[in-house]
Amino acid sequence: MSLLSRLISSTSIKPPTFSLSFILVSSLSSSSSSFSSKCRAEPIPVPSQLPPVPKRVPFTVSLHGHTWQDHYHWMRNVNDPDFVDYLNQENSYAQAFMADTQTLQRAMVSEMKSRMPSKISTPVERYGPWLYYEYIPEGKEYPVFCRRLGTERRGWVERLLSNAKAGFGREEILLDWNEVAEKHGYVHVGQCRISPDHNFLAYTLDTSGSEQFILQIKDLRNGYIVPRAQVDRVVSLAWAQDCQTLFYTIADENQRPYRVLCTTLGSGVHLRKVYVVDSTDPLSGLRRVHERVSGVQYFLEHHFGFFYILTNAPVKESMMCSTEGYYLARCQVGDIQSTTWQNIFYPSEDTSLQDMDIFNGHLVLFLNKKGFPMLCSVDLPINVDCKRQMMIEDLDPWFFPMPSNSCSIQPGSNLDFTNSVYRVVLSSSVVPDVIVDYDMSRRIFSIVQQEEVLGVSSNAQSCSSGYELDTQQHLDRKKGENNQNIELQRWKDFSDTYCCERKEVISHDGVRVPLTILYSQKAWKSDQSPGILQGYGAYGEVLDKSWCVDRLSLLDRGWVVAFADVRGGGGGDSSWHKSGSGLFKQNSIYDFVSCGKYLIDEGYVHRDQLGAIGVSAGCLLMGAALNMYPDLFRAAILKVPFLDILNSLLDPSLPLTILDYEEFGNPQIKSQFESILSYSPYENIPQGGCHPSILVTASFNDSRVGVWEAAKWVAKVRDSTCSFCSRSVILKTNMTGGHFGEGGRYIQCEEIAYDYAFLVKVMGININ
């Protein structure tokens with residue numbers, strides 16, 4: 001996700017319903033390094049000092065007839081001075097290992113910064129009389145959230161007098177991330193909500209990286225923080241219509257949202273457990289939506305006496321439904337607990353319903369058809385035909401025109417319920433983030449703003465005239481007067497310079513796995529280019545393939561960047577997720593391996609220069625694949641990695657363990673224990689063999705994946721594998737950050753340059 005889309009999505013003020021410039025570094029072969037020549041045809045320079053050796057403490061684990069030793073179990077105590085000392089030693093070793101790439105890193109950082117505009121801003125968005133927007137000031141790391149009064153549709157004399165009194169055009173800074181970062185050293189703003197009367201800003205703040213968000217309420221009339229309003233472990237926020245009552249959810253010790261509270265400004269905090277609440281009379285009482293059923297979810301939107309409900313509740317046997325995913329239902333507000341909801345429509349067999357948003361005159365639906373995301377609007381109110389099963393085509397939808405390449409879709413704030421224009425950020429591997437307004441009443445769209453890319457080649461500029469819209473790719477769309485502006489709207493892209501191909505790879509069981517392959521038309525060389533393969537494959541999350549300007553530093557030097565949409569992730573209906581989770585988790589791993597082999601067999605990547613990149617739970621793929629096929633990958637980068645899955649799931653005191661039983665299984669159940677044991681990266685490291693070069697990054701305050709997981713895995717790799725190879729396995733720990741890193745735009749350049757420099761070094765590429 002690029003900076004522009006992060007700005008658009010970082011602050012939502014809508015009152016919601018609950019619902020590589022590569023250079024040769026002369027010091028690479030300096031006398032301060034010794035070479036490993038036993039294991040590799042092209043030796044990797046390593047420091048003269050040896051990697052740190054942590055203490056080994058006997059610890060026995062027994063379960064289901066299996067007994068094993070975990071000598072690094074002690075690392076789970078992050079307060080142990082020996083553990084902190086070990087992490088610092090590893091950081092020193094990593095620094096020594098990467099010392100000969102300093103010039104390379106500086107060059108890459110300079111190149112990345114040169115592509116950035118000096119100031120990045122979002123287009124203004126009207127909410128009531130105010131225009132809200134964000135920008136990152138020149139030279140700063142983080143955004144500033146601002147507003148100013150907008151013009152109203154009145155006579156010019158009246159408007160002039162009114163604006164003079166109100167100070168029209170004067171910018172008000174509501175929240176400056178940079179000030180918080182300078183004070184605390186770290187900043188992560190979770191939620192931002194403006195009250196309906198525009199007098200208060202409620203936001204959540206994490207200043208340690210632990211994701212223990214604190215609620216703060218700022219009085220925008222005087223700029224002061226409201227006293228007694230600070231609350232810990234806040235997850236989400238919503239204002240009531242009285243502009244004095246704020247609802248918020250809090251998390252328990254395991255970071256699971258479990259309670260809804262409300263506070264009235266000027267009073268204490270009152271506990272009120274909420275199901276459905278009338279926002280105009282927030283303390284009038286509670287109504288339960290439905291009895292809780294395992295695996296069944298309900299997402300509600302209110303619209304003039306009706307609840308529109310997105311649910312996966314089982315349908316009646318009399319209703320023909322070809323999918324196990326979500327469908328759209330409706331009921332009157334008074335019938336919320338009734339069992340006779342009106343089922344509006346079911347998606348077709350190759351389409352899944354992902355999400356919805358509602359406005360005064362339109363319902364916006366997020367869909368996925370054959371792995372491609374789509375958006376459409378439906379006019380409200382909907383006339384439901386109870387005599388027959390309806391399909392989406394019966395609702396006369398308008399499918400939003402998008403680029404022909406598969407796009408990621410990030411909704412904007414869309415603050416005004418009465419507005420008929422819906423704003424989104426579109427992005428793909430070859431399309432820089434573009435903000436588009438879709439007029440749902442007139443069924444036309446307009447491009448508001450597109451991310452600026454500086455310093456690109458003249459070829460890229462000349463090919464950036466825009467996409468011809470593919471109106472047949474997802475669904476047959478009606479052509480007529482409402483689509484008359486399609487040919488007039490174009491967005492810049494780099495599809496003539498950077499080739500983006502979508503392939504289907506046959507996995508071990510015959511299933512076709514989507515693989516997106518990105519490379520430079522000019523720099524890529526068949527069978528000779530290095531490449532990296534990315535994957536995630538968990539929680540039903542779609543792998544991010546959106547625009548990343550820093551990626552050009554790899555592509556322009558001939559690298560291939562590929563994305564494997566393995567099972568366990570998103571991209572289709574719920575079956576794609578289910579077939580890669582729990583007892584079927586190994587499907588994810590084999591899918592990833594199959595994609596890696598495809599890149600080599602088809603000549604996209606040199607057979608000795610394939611790398612892998614994983615983040616968090618995505619590192620399960622990397623760790624397991626490295627264990628099973630160590631010769632397939634030359635290198636890998638594992639970021640905040642989930643590698644010690646078995647031992648973590650055996651500890652219910654960890655924040656996410658109970659929640660992860662549904663995704664990966666409960667090892668207290670024998671069949672699920674055996675499944676997890678069969679692929680767990682920590683338990684299956686090969687003994688005595690060679691090992692790819694690995695960069696492992698971790699964060700000390702990570703509350704999602706314990707910092708010890710990375711440390712234990714690195715220590716065990718060094719114990720178990722070839723002593724020469726393991727010297728190119730390095731661990732770098734951020735001793736102050738959390739799961740999501742620092743996040744600043746210049747800091748991010750430095751982190752990416754570090755990663756790229758590692759890959760260049762360990763791939764043994766002649767960077768002359």
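## The eight-stranded sheet

In this predicted model, Leu518 has Val561 of strand β33 as its bridge partner. The strands concerned are β31 and β33, the latter covering residues 560–564, and they pair in the antiparallel sense over 4 bridges. Both strands appear in an open sheet of 8 strands, whose order is β30-β31-β33-β32-β34-β35-β36-β37 and whose pairing is mixed. At the edges of this sheet stand β30 (498–506) and β37 (729–734), and each has a single partner strand, so that one side of each is left without a neighbour in the sheet. On average, and with direction ignored, neighbouring strands of the sheet are turned by 15 degrees against each other.

A helix also belongs to this picture, since α10 packs on the sheet and touches β32, β34 (610–615), β35 (635–639) and β36 (693–699). The direction of α10 makes about 140 degrees with that of β34.

## Helix α10 and its partner α9

Besides packing on the sheet, α10 (residues 619–628) packs with helix α9 (residues 586–601), at an angle of about 70 degrees and with the two axes 9 Å apart. Angles of 65 to 115 degrees count as roughly perpendicular, and α9 and α10 are therefore roughly perpendicular to each other. The crossing of these two helices is right-handed.

On the side of α9, the contact is made by Gln586, Ser588, Ile589, Tyr590, Phe592 and Val593, while α10 contributes Leu621, Met622, Ala624, Ala625 and Met628. Sorted by class, the contact of α9 with α10 holds 9 nonpolar and 2 polar residues, with no charged residues.

## Helices α2 and α14

A second pair of helices can be described in the same terms. Helix α2 (residues 81–97) packs with helix α14 (residues 707–720) at an angle of about 65 degrees, and their axes are 12 Å apart. That angle makes α2 roughly perpendicular to α14, and α2 passes α14 in a left-handed crossing.

Where the two helices meet, Phe83, Tyr86, Leu87, Glu90 and Tyr93 in α2 face a set of residues in α14 made up of Val707, Trp708, Ala711, Val714, Ala715 and Arg718. The residues of the contact of α2 with α14 divide into 9 nonpolar and 2 charged, with no polar residues.

## Strands β8 to β13

Strand β8 (residues 144–149) and strand β9 pair in the antiparallel sense over 4 bridges, and within this pairing Phe145 stands opposite Leu175 in β9. Strand β9 (residues 172–176) has 4 of its 5 residues buried, so it is largely enclosed by the rest of the structure.

Further along the chain, an open sheet of 4 strands has the order β10-β11-β12-β13, with antiparallel pairing. Its edge strands are β10 (188–194) and β13 (224–225), each of which pairs on one side only. Strand β10 is joined to strand β11 (residues 200–206) by 5 bridges, and these two strands run antiparallel. Val189 has Leu205 in β11 as its bridge partner.

## Thr264 in strand β16

Thr264 lies in strand β16, which covers residues 257–264, and with a relative accessible area of 24% this residue is partly exposed. When its neighbours within four places in sequence are left aside, Thr264 is in contact with Gln244 and Thr245. The C-alpha atom of Thr264 is separated by 9.0 Å from that of Phe247, a residue 17 residues apart from Thr264 along the chain.

## Backbone features in the loops

Three loops contain residues with backbone details to note. In the loop between β23 (362–369) and β24, there is Lys370, whose phi is near 55 degrees, a positive value in a residue other than glycine. Lys370 has 58% relative accessibility and therefore counts as exposed. A cis peptide bond, with omega about 0 degrees, joins Leu380 and Pro381, and Pro381 is found in the loop between β24 (372–379) and β25 (398–399).

Asp527 likewise has a positive phi in a residue other than glycine, here near 65 degrees. The loop that holds Asp527 runs between β31 (512–520) and β32 (531–535), two strands that both take part in the sheet of 8 strands. At 46% relative accessibility, Asp527 counts as partly exposed.

Key. Residues are numbered from 1 along each chain as its sequence is written. This is a predicted model: local features need pLDDT of at least 70, side-chain atom pairs count only at pLDDT 80 or more; totals for chains, interfaces and linings use all residues. Side-chain values use heavy atoms; hydrogens and water are left out. Axes are lines fitted to C-alpha atoms, for helices over the stretch in contact, and angles run from 0 to 180 degrees between N-to-C directions. Angles under 35 degrees count as roughly parallel, over 145 as roughly antiparallel, 65 to 115 as roughly perpendicular and the rest as oblique. A crossing is left-handed if the near helix is turned anticlockwise from the far one by less than a right angle, and right-handed if clockwise. Contact means heavy atoms within 4.5 Å. Ala, Val, Leu, Ile, Met, Phe, Trp, Tyr, Cys and Pro count as nonpolar, Asp, Glu, Lys and Arg as charged, and the others, Gly among them, as polar. Buried means under 20% relative accessible area, exposed over 50%, partly exposed in between (1.4 Å probe, protein chains only). Two strands pair if DSSP finds at least two bridges between them.
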